[in-house]
Amino acid sequence: MGAFISDIKSKQLSASGTVFGGRSRIKAIYVVPSATAGTLVIKDGGSSGTAVITLNTPAVESGQNANPIYVVLPVDGVLCETSSYATLTDVAYATVFYG
């Protein structure tokens with residue numbers, strides 16, 4: 001059996017907040033849109049940090065079920081050198097997978 005490169009953890013958010021307070025690599029993102037088109041921005045360095053991922057989400061039509069968006073990033077993921085922070089704007093919730 002092969003060796004594991006890193007443990008994968010997750011953080012679910014229903015509002016903007018810290019994903020992980022140290023160096024991490026974002027591996028995947030699961031987002032459930034809201035009734036209004038929105039965005040999820042992953043930042044390196046807290047709420048005022050540098051945006052490293054921006055994901056736009058569509059609006060959910062009235063009377064329709066929200067279709068979640070699942071994005072798997074390449075093998076190494078996206079590096080957040082100092083900390084990872086997610087800014088959610090008009091997003092029902094998001095789960096960020098990191099290692």
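Four strands of this predicted model line up as an open, antiparallel sheet in the order β2-β8-β4-β5. At its edges sit β2 (17-20) and β5 (50-57), each with a partner on one side only. On average, neighbouring strands here are turned by 25° against each other, direction ignored.

Let's look at one pair in that sheet. Strand β4 (residues 38-44) runs antiparallel to β5, and seven bridges join the two. Across from Ile-42 you'll find Ile-53 in β5.

Now for the inside. The largest nonpolar core has 18 residues, and Ile-26, Ile-29, Val-31, Leu-40, Ile-42 and Leu-88 are those with the most contacts inside it. At least two of the core residues come from each of β3 (24-33), β4, β5, β8 (84-89) and β9 (91-98). The biggest giver is β9, with four residues. Take Ile-29 as an example: setting aside neighbours within four places in sequence, Ile-29 touches Leu-40, Ile-42, Ile-53, Leu-55, Ile-69, Tyr-70, Val-71, Thr-95 and Phe-97.

Zooming out, the chain has nine strands and zero helices. Its radius of gyration is 14 Å, close to the 13 Å that the globule rule gives for 99 residues, so the chain is as compact as a globular protein of that length. Of the contacts between residues at least 6 apart in sequence, 80% join residues at least 24 apart.

A few whole-chain values:

| Property of the chain | Value |
|---|---|
| C-alpha trace along principal axes | about 45 × 35 × 20 Å |
| Buried residues | 38% of the 99 residues |
| Accessible surface | about 5700 Å² |
| Share of that surface from carbon and sulfur atoms | 52% |

Notes: Residues are numbered from 1 along each chain as its sequence is written. This is a predicted model: local features need pLDDT of at least 70, side-chain atom pairs count only at pLDDT 80 or more; totals for chains, interfaces and linings use all residues. Side-chain values use heavy atoms; hydrogens and water are left out. Two strands pair if DSSP finds at least two bridges between them. Axes are lines fitted to C-alpha atoms, for helices over the stretch in contact, and angles run from 0 to 180 degrees between N-to-C directions. A nonpolar core is a set of buried Ala, Val, Leu, Ile, Met, Phe, Trp, Tyr and Cys residues joined through side-chain atoms within 4.5 Å. Buried means under 20% relative accessible area, exposed over 50%, partly exposed in between (1.4 Å probe, protein chains only). Contact means heavy atoms within 4.5 Å. The radius of gyration is taken over C-alpha atoms; the globule rule is 2.2 Å times the number of residues to the power 0.38. Accessible areas come from the Shrake-Rupley method with a 1.4 Å probe; for residues, only the protein chains shown count as cover.
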